[in-house]
Structures are given as C-alpha cells and as structure tokens.
Amino acid sequence: MMRTELIEARAMVPFPRERVWQIIGSPELYPRFVHGISSCEQLSTEGRRSGAQYRIRMCLDEDNLIEQDIQALIYRKNEQIVWSSLQCPEYWLSVQLDSVRGKKTQVTIEMSTGEVGRKAGFGTSEADVRGWLQRAAQTVSDHLGGVPGGWSKVVPGSANRTLMRAGVASVWHPVRGARQLRAIGQWGSTVVGGYMAAAAAAPKDLGIRDERGEFTFGDIEERSTRLANGLADFGIGPRSRVGVLCRNHGGLLESLFACGLLGADVVLMNTGLSAAAVADVIDAHGVIALLADDEFEALAQFVPPEVIRISTWPGGVRRYDSIEDLIDGSPRTRFRPVDKPGRIVVLTSGTSGTPKGARRPTPKGPGAAAAILSRVPMMAGEKMMVAAPLFHTWGLAALQIAMALRASLTLQRKFEPEDTLYAIAEHDCTALIAAPIMLQRILDLPPEVRGRYDLSSLRAVGSAGAALPGWFVTEFMDEFGEILYNIYGSTEVSWASVADPMDLRAAPTTAGRCPMGTRIAILDDTGTPVPPGVDGHIFVGNDMLFDGYTDGARPPVRNDLMGTGDRGYLDADGRLFISGRSDEMIVSGGENVFPRPVEEILISLPQVQEVAVVGVPDDEWGQRLAAYMVLHKGAHLDADSVRSYVHSRLARFAVPRDVFFVRELPRNAIGKVVKRLLVDGTW
C-alpha cells in the first residue's frame, strides 16, 4: 500500500476573496500566475464547475515535464477547489480561500504527497510547496494591485562564445583565415561580406544546390562578381533601386550579392502580388531595373518600358537578357567596398492591408546570427533546406544565418511536401527552414509516404511567419522528434522570441522566450508596462529593428523598443503567448475578444483541417465573430455543434455567431491566411 503524506502551506493576498477567486476559479489562467505551470487546457464540456476536467502541464525544472489529466472534485465559488489526478486518483490538491476581515484573503494549499505524489509526478518537499505558493501569491497580488511587471528577463550571453560553440569561430588555414577576416572587415556583416568570407575560408565547399546544379562558395563569388559587372553596364550603381521577383533558387542569391557589390538597394518582391501591385511597388520605390523569373512575365505587364528587365530563370520565349548572359559575357573585375552598403527592402505580408516596403538594417556584427543560434542549435557547415520564400523575412533571416555558419543551402523553386522530404533524405540535410503551412502539408502526407524517406539527419526544423496550432506542435514532434523550433518575430523587429522543443512540449501554443540580446515588454495603450498576467501590446528591442517603412512611417517606439502590432502576455516563467493582432481584436457587447483562442479551440476538433476567425460588424453588439472552417475530406459538422463546442470552453461573447464551411482559406505566398479578404468579402 502506498504511503500518503499531507503538505499544507498558507499565503496572504491583500485583496478581497471575490477578486482572488477570479484567478483561482479560472484554471486556464494558472500559467500566467503560477511558476512551473506551463499549460492548463480544458478537456470536458462541464464548464467551470465540479466534474470539469483539464490537462495540466508542469515544468518545475529544465528536465522534468509533468503532464496530468485532473478533475475538479469540489468547485465552490469564492471558497474552494479540490483537484484530483485522473491517472492517480489518490493524489489530490485543495485550494481554500478564507476572508480576513473582508479585505484580505488567506490562501491555504493542502496536497497529498509521499509515494502517491511521486507516482503522480509531484514529488515536492514542504519547503518547495511553501515557496511555490508564496511566489504565486505575490504574482497574484501584483496583478490585482496593478503593479507593472510586463517585462521579459534579460538573457545574458556572449556573441563570441555562442559563435565559438557553433563552430563559426574555428581556426582556419593562416592565409585563408586572413582573407576571411579581410572580407568581413571590408564588407561588414552584409550578404556580400558573408559570402566573400565564406569564399575566402572554404572556396570549394558547397554553397548552393538548386535545379540548375551545385555551386561552391568560390563559384558564387565569381558568378556574382561577373553579374555585378554586367549590371553596372546598365547603369546600376550605388543607391540604385533594383526589384527582384524570384522563386527560391541561386539566381536570387546571386542577384542580392551582385547588387551588394554595386551598393544598390534591393526590393524583394512577393511572388503572390498582383500585376497592379507589382507596378505600384516599382513606382513607389523608384525601381530602375527588375530582375524576375520568366514565369512572372504576366505580373510585369504594367511595369513602365523604361525599367530595365533581366531574366533570372528561363521559362518560355526569351525577351530579355538573362543573368546567365551577363555572367558569361562580363569580366571578373573586382569591386571595392562602397561608402554606404546597399539596403534590402522586404515587403510586409499584407494580410491586413496593402504590403509596405520595410528597410532591413545592415547587421552591426555577428550578434544578429548569434542571437538565433543561442536558442536554435545549428552548427558551422550546416546543410540547410530552405523551403520558406527567400523574399520573406524568415527566408532572408535563414540566408543571413547560413552566411555566418558557412552552411550549404538546398533550394527548390516550388514547395511540394514530398519533394522536400526527398531532398532532405537525399542530401542528408540537417536543418529545415519552413513556414507553418509547409510543415502542416508535410504532416498531412500519408504515413506510408513519410515513411519512404530517412530523415534521421534532420536536427532542427525552424518555423516562422504564422502561429503554430497547439495540436500540430505535439503531433509534429511525436512524428519527427524533439527538433521543432518556433520563431516569433515580424518584418519590423526581426525576431522576438524562440520556443525550443522543451517549451513547446510544456506549452504547445507558446511563442517561447527571448534569445540573447533581446528584450520584450508588454505595454498598455499609454506605453506603461502592464501588471503580471495581463494582455497588452508587444514591444521588442534587439539589434535588428528595421529602419522604417519606405514611405517614411514607423511603428510605435517606446524606450528603444518597437511595437510588433500584436497583443499578448508573458506567463509566470517568462514565456510569451500571442493573443492576436491588435487590429484583429473586436469589442462585442463591451467585451474585448480575440479570434486566436477561438481558432485554437476549433482546430482541436478532429473534423477540422483549417480555420480562420474574424470580426465583422454587428448592429446589436457592435461586432461579432465569424468562423470560416475547412473540414477534412469526408468529415461532417454543423454550425450549432461548433457554437456549442466553443461555448463550453469560452465565454458567451467569444462564440462565433456566423459559421461558414469553405473549401479553402485565402493565403499569401508565405502561407498566412489573408483575413482582410474574409472581412471585406472580396474572396
């Protein structure tokens, strides 16, 4: 018979019992206030009452993740909750609230421990429980008292040590090492500097693999230099603006490199733009030359005839000179560094409006790559499969990381899930850089198809550009192992946080923690840090904040931190959670409502493949939610069942009144759902 012990601990919260119960009686809020509780998801449809079941995850240290399904045996409003483990019913925990003169609340914890607690995974001492409760009581007190606390911790670290650990700062042949340092000294941490340094250090190592073939770093340096000489003959030079409209292939990278040698700015254009939008971008940015794949000829139909046209990939009748023509017909005359390096302009995703040009900053040094490497364990010589579009911020970031690592890039012009698995297996790729929708398409492949390919070489899968559904995170890692890294950021702030596999196991919907050299603040509408556990505007500080939109506008900045346009909160352990875009929040019947929690609940339904929830006008309530759902083939679901399912887990005002079943959702080239098309009815 198992031995049971009882631990009791008390703490005082200087607020009335009814206010403390707002948190104690809402288990889904526990991660925001209680250290070690990373996730608490409702499993049943009982609502908040006796019999309600939850799945709770606790991560009390880096190596100990506890997952238990628990049930509320007692749920007395403003008084007490008693929880019992469904896996180990002998284990229970009671939280009792007692009013002290009507102004304070004594919180009493009683829990079974000993062998019973250890069987359930909760082997804690009395001192641990008391410290745990005191810390939680202080966080709740700060929350109720409005004490500012919405700041992430500063992550210490050394860029040099991180790069050493990644093998970047390894010792090279004396002559090559000197050339490598000279290249970085001359060209800085730019695309040119990165590839000049790689060519100096390892000229015969593979740099790029695409449908054309394989090219070493030495090949890339020579081809790009010849291309730059050819572009110079067209009058392209310092401060010229060059548009690049390419899929993922080496020609895009060589175009970036060549323009960098000339000191020209590059406008990376989204392949999903309309012909009118392409013309608008060229006009707005003063583009004098367009380097584009032939397949996008129709998108260039409104481009003024005076804009120089150069083909970057064949695909029909040749109408213009190609980059291959320029490379073959131009000398290898070397360039001296320009006084001011050219800039790369990335277009915003345009999911909530017209895409805008954002000027990417020139990295100030190796710290930019080191920040990501402090959370994602990639190494020098990495074999990277980059599926994310290179014109997108995440694809471009992967390119910049690859330069620091002297990594080889495997590129495919068009993403196909099985082709991606084939390439990873064929070339022993060690890292995959992708957008969430790409990973979802890979997971959607039949098991027998996935099983054809040996993916054992894969050590890291980096995802960015959109939110990862919680169910998907768990299923992906169950299938492929603990190799998933979720990067949260934006065109404007680059990166903000990284969720590693441990974070994602503990809290599948988290955006993770700050990498080295990054700070996050959660601010209210006045720019003041919010109390612990409160939702607010996300502001980020790092060395790669962008230099502003090309139209002169800038996002809000507070104390050297830049707003991302998203809202979210930090949990008790410093993990970031995204509630949704600030412009997606609606006010329904006086209540603030975000679509994302509703989407997370609906996507957990086994019948649902994809879902998007948006706010629409409502004559009675001001605004209401509308859900657009894509069901799995052969699945059936009705609107009343959808509304009932949401109502059992969220408040009434979060229930979507409109439910539409559609064949697909509108997406941009990176795979983000373009919600404005759902809202304005143009889709």
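**An open six-stranded sheet and its surroundings**

In this predicted model, an open sheet of six strands follows the order S13-S12-S10-S11-S14-S15 with mixed pairing, where strands are DSSP runs (E, at least two residues) numbered from the N terminus and two strands pair if DSSP finds at least two bridges between them. Strand S13 (308-313) and strand S15 (357-360) stand at the edges, and because each has a single partner strand, one side of each is left without a neighbour in the sheet. Within the sheet, strand S10 (residues 241-245) and strand S12 (residues 289-293) run parallel and are joined by four bridges, with Gly-243 standing opposite Leu-290 in S12.

Residues are numbered from 1 along each chain as its sequence is written. Because the model is predicted, local features need pLDDT of at least 70 and side-chain atom pairs count only at pLDDT 80 or more, while totals for chains, interfaces and linings use all residues; side-chain values use heavy atoms, with hydrogens and water left out.

Elsewhere, Thr-393 lies in helix H13 (residues 393-405), helices being DSSP runs (H or I, at least four residues). Thr-393 counts as buried because its relative accessibility is 12%, buried meaning under 20% relative accessible area, exposed over 50% and partly exposed in between (1.4 Å probe, protein chains only). Leaving aside neighbours within four places in sequence, Thr-393 is in contact (heavy atoms within 4.5 Å) with Val-346, Ser-490 and Thr-491.

In helix H4 (residues 126-145), the 20 residues should span 28 Å at 1.5 Å a residue, which agrees with the 28 Å between the end C-alpha atoms; the expected span is 1.5 Å times one less than the number of residues. Just after H4, Gly-146 takes a positive phi of about 70 degrees.
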